[in-house]
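Q: Please take a close look at one residue in this model, and then place it in the context of the rest of the chain.
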Amino acid sequence: MADDDDDVVPIVFKTLVKTADKKFSKVRDIPPHIRAPNHYFSTVFKAYTKLWKFQQQNRSKLTDAGLQRWEIGEIASRIGQLYFMQYMRTSEVRFLIESYIFYEAVLNRGYFDASHCKVKDRGLRFKELRFYARFLQVSLILNRWEMVTHLLDRFRALVDDSNKTFGEASFKEWNIVMQEMARFMKVDAAITNMRPLRYCFMFDSYTNSLKYVARFHARKVLKLRDALLMSYHRNEVKFGELTIDTFRMLQCLEWEPSEELYQKQPVDSRGNAGLTNQSYSSGLIDINLVADMMDPSLPPNPKKALLYRPSVTHLLSVMATMCDGLPPDSVMLIYIAASGNSGQSQTSVTQRQKYQSARTSNVSESNNLIPQINFNEKESSSHPFESSLWLGPSRTLGSNDLYPGDLIPFTRKPALFIIDSNNSHAFKVLHGAERGEPAALFLSPSRPTFKSPLGDVTQYGSQFTLFLTAPLLACCQMLGLTYSDVDAMEDAQSIVSTAFSEWEVILCTSTALDLVWAQVLSEPLLRRLILRFIFCRCLLTLYQHEEGKDLYVPVCLPQLPDSVSPHSRVVQSAAIALTKHLKVSHCFRFDNL
């Protein structure tokens, strides 16, 4: 009987693996922006829980039957991957932390370590590399910088060894991944020494303005529930499908978890500690999708959809799905970072005229509804047809261009559009052309501002996005200053925080605040973006540009009150204090206050 049982155990194990993998594939194939029912994921987690407990209870029999350590690691790694997928779908940081715990346990147990194998296995090496890449991404988003550095060193050594052992041709893609990682970390190194990008009560709420924020109440109050983050630039800094700009915006739209939530979960007393060693606890295999790990002191994070280099049709499809599912009394943030179509296309003028003529005849009725794009003298060199963002590998006429009019249908629901492009100002036409709800617009400058030329600015990420996510770091980058002097930067941060507190009071007490901004001012994540926009606009407006100042200044629509304009006393005095502290006052032109 014992022999029969020994024969059955491997068969049951393989069946459980097949079942779990099949369920995993179904969940993995669901697009992140699709709000799949929670029971889908619960079912997959239960399948892996059952699989894990079975191998744990029958470990010796399975080992005798030929079970390898990497097979155990693959189960744990899949669970970590499931948690990460659930984080990307829900934006709940607790899932990200659980993913980290599982991956860390796999690393510490050395499940994919092939050093003990007599024969080098190329397939196992690929599994090990995939594990490191996934763990790196989780550690990066969670800001575990020491672990990121450690993993990057291990990954680099592993790729080098793979090139020597199996030949460089077989690992060409992994060499590219390694280069992407190193490039990403080089650009983002400054953030490791600064305050978190996520909203932190300690740094982002201000005692002096709290009572004004608490008393503020608009006729309509909207909550940030959904966000779409999209980036499409040639040669942009990225890791996998996570670009530097979407990475920064992703964290900017989340709450910083409390220290208690960051702590590793205790070992399950029921014996589910199979992934642990004496110094590291792992995630509980008894997976629970209810709010047992939620931080009760924090509001929920808005759900986010990240799109990497989408086609225009795919972008519009995702926007339509999210807009249709937007809950009542909610606002959707749409962040689009892409290069503008500058008119350098090889398409002839005759082709453009023919296309425009056909397009005009086909949509003659809708032309009466959509406002015409007006161009001033400085912009007269750009054909109206070319006022778009370029989303595509080639400049195919029309099919790869995102036009301002393409976004108008999505103004039937409340929305905040952040357009980060050298052609962002073409999207001013959205203001006044809405189809139901007045939209809020943040439009980046057409050109970045730097005291010293940086060469290819795409190698550093967008300056405007950096101002919205890490304003003081963006200021230092603009002026060529280093962020290494901790004491000096803390004093500078104190000046900025004091200014933000004063501006919050002004906004909360202003009678000139447009309803579009008033209805989102109670939302902390959006209020912080508004304050940072004021800061960005102030510095870029007052900077001594040699020519064409309008090209270097961002725009918001509807306009914010004049009391927080770059030339107002309270805003400009903060800029004077900051630039004096940083010893860069000579770079700015201030009014006689």
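What is the relative accessible area of Arg309?

A: The model is predicted. In it, Arg309 has a relative accessible area of 32% and is partly exposed, because that class covers values between the buried limit of under 20% and the exposed limit of over 50%. Arg309 sits in the loop that runs between β4 (303–308) and α13 (312–324). Its backbone has a positive phi of about 50 degrees, although Arg309 is not a glycine.

Positive phi also occurs elsewhere in the chain. Lys583 is not a glycine either, and it has a positive phi of about 60 degrees. Lys583 belongs to the segment after α21. With a relative accessibility of 71%, Lys583 counts as exposed, whereas Arg309 is partly exposed. A glycine can be added to the list: Gly110, just after α5, takes a positive phi of about 65 degrees. Helix α5 covers residues 93–109, and its 17 residues reach 25 Å from the first C-alpha to the last, close to the 24 Å expected at 1.5 Å a residue. Of those 17 residues, 15 are buried, so α5 is largely enclosed by the rest of the structure.

The wider setting is as follows. The protein chain has 21 helices and ten strands. Of its 593 residues, 53% are buried. Among contacts between residues at least 6 apart in sequence, 77% join residues at least 24 apart.

Helix α8 can be set beside α5. It spans residues 172–188, has 17 residues and reaches 25 Å between its first and last C-alpha, again close to the expected 24 Å. Its buried residues are Trp174, Asn175, Met178, Glu180, Met181, Phe184, Met185, Val187 and Asp188. The cover over these buried residues includes the helices α6 (122–141), α7 (145–166) and α11 (244–252), along with the strands β2 (238–239) and β3 (242–243).

Next, the nonpolar interior. The largest nonpolar core holds 147 residues, and the members that touch the most other members are Leu333, Ile418, Phe442 and Trp517. Helix α20 contributes the most to this core, with 13 residues. A separate core of 34 residues lies apart from it, with Cys323, Ile336, Leu402 and Ala426 among its members. Beyond its neighbours within four places in sequence, Trp517 is in contact with residues including Leu416, Phe442, Ile530, Leu557 and Pro558. The peptide bond from Leu557 to Pro558 is cis, with omega near -5 degrees. Pro558 lies in the loop between β10 (555–557) and α21.

Helix α21 contains Val571, which is buried, with a relative accessible area of 0%. Val571 and Trp503 are 68 residues apart along the chain, yet their C-alpha atoms are separated by 7.7 Å. Leaving aside neighbours within four places in sequence, Val571 is in contact with Trp503, Ile534, Cys538, Ser563, Val564, Ser565 and Pro566. Arg589 is found in the segment after α21 (569–582). Its C-alpha is 9.9 Å from that of Leu539, a residue 50 places away in sequence. Outside its neighbours within four places in sequence, Arg589 is in contact with Leu542 and Gln544.

Last, the internal voids. A search of the whole structure finds six cavities of 30 Å³ or more. The largest cavity has about 180 Å³ of space. It is lined by 18 residues, and the closest to its centre are Arg195, Asp204, Pro471, Gln493 and Arg532. The elements giving two or more residues to this lining are α9 (201–204), α17 (471–479), α18 (486–509) and α20 (524–542). Helix α18 supplies the largest share, four residues. By class, the lining has eleven nonpolar, three polar and four charged residues. Helix α20 thus appears both in this lining and as the element giving the most residues to the largest nonpolar core.

To return to the residue in question: Arg309 is a partly exposed loop residue whose phi is positive.

Terms used: Residues are numbered from 1 along each chain as its sequence is written. This is a predicted model: local features need pLDDT of at least 70, side-chain atom pairs count only at pLDDT 80 or more; totals for chains, interfaces and linings use all residues. Side-chain values use heavy atoms; hydrogens and water are left out. On a 1 Å grid over the protein atoms alone, a cavity is a set of points where a 1.4 Å probe fits but cannot get out, and a pocket is an open set with protein on both sides within 12 Å along at least five of seven lines; lining residues have an atom within 4 Å of a point. Grid points are joined across faces, edges and corners, and a volume is the space filled by probe spheres set on the points. Ala, Val, Leu, Ile, Met, Phe, Trp, Tyr, Cys and Pro count as nonpolar, Asp, Glu, Lys and Arg as charged, and the others, Gly among them, as polar. The expected span of a helix is 1.5 Å times one less than its number of residues. Buried means under 20% relative accessible area, exposed over 50%, partly exposed in between (1.4 Å probe, protein chains only). A nonpolar core is a set of buried Ala, Val, Leu, Ile, Met, Phe, Trp, Tyr and Cys residues joined through side-chain atoms within 4.5 Å. Contact means heavy atoms within 4.5 Å.
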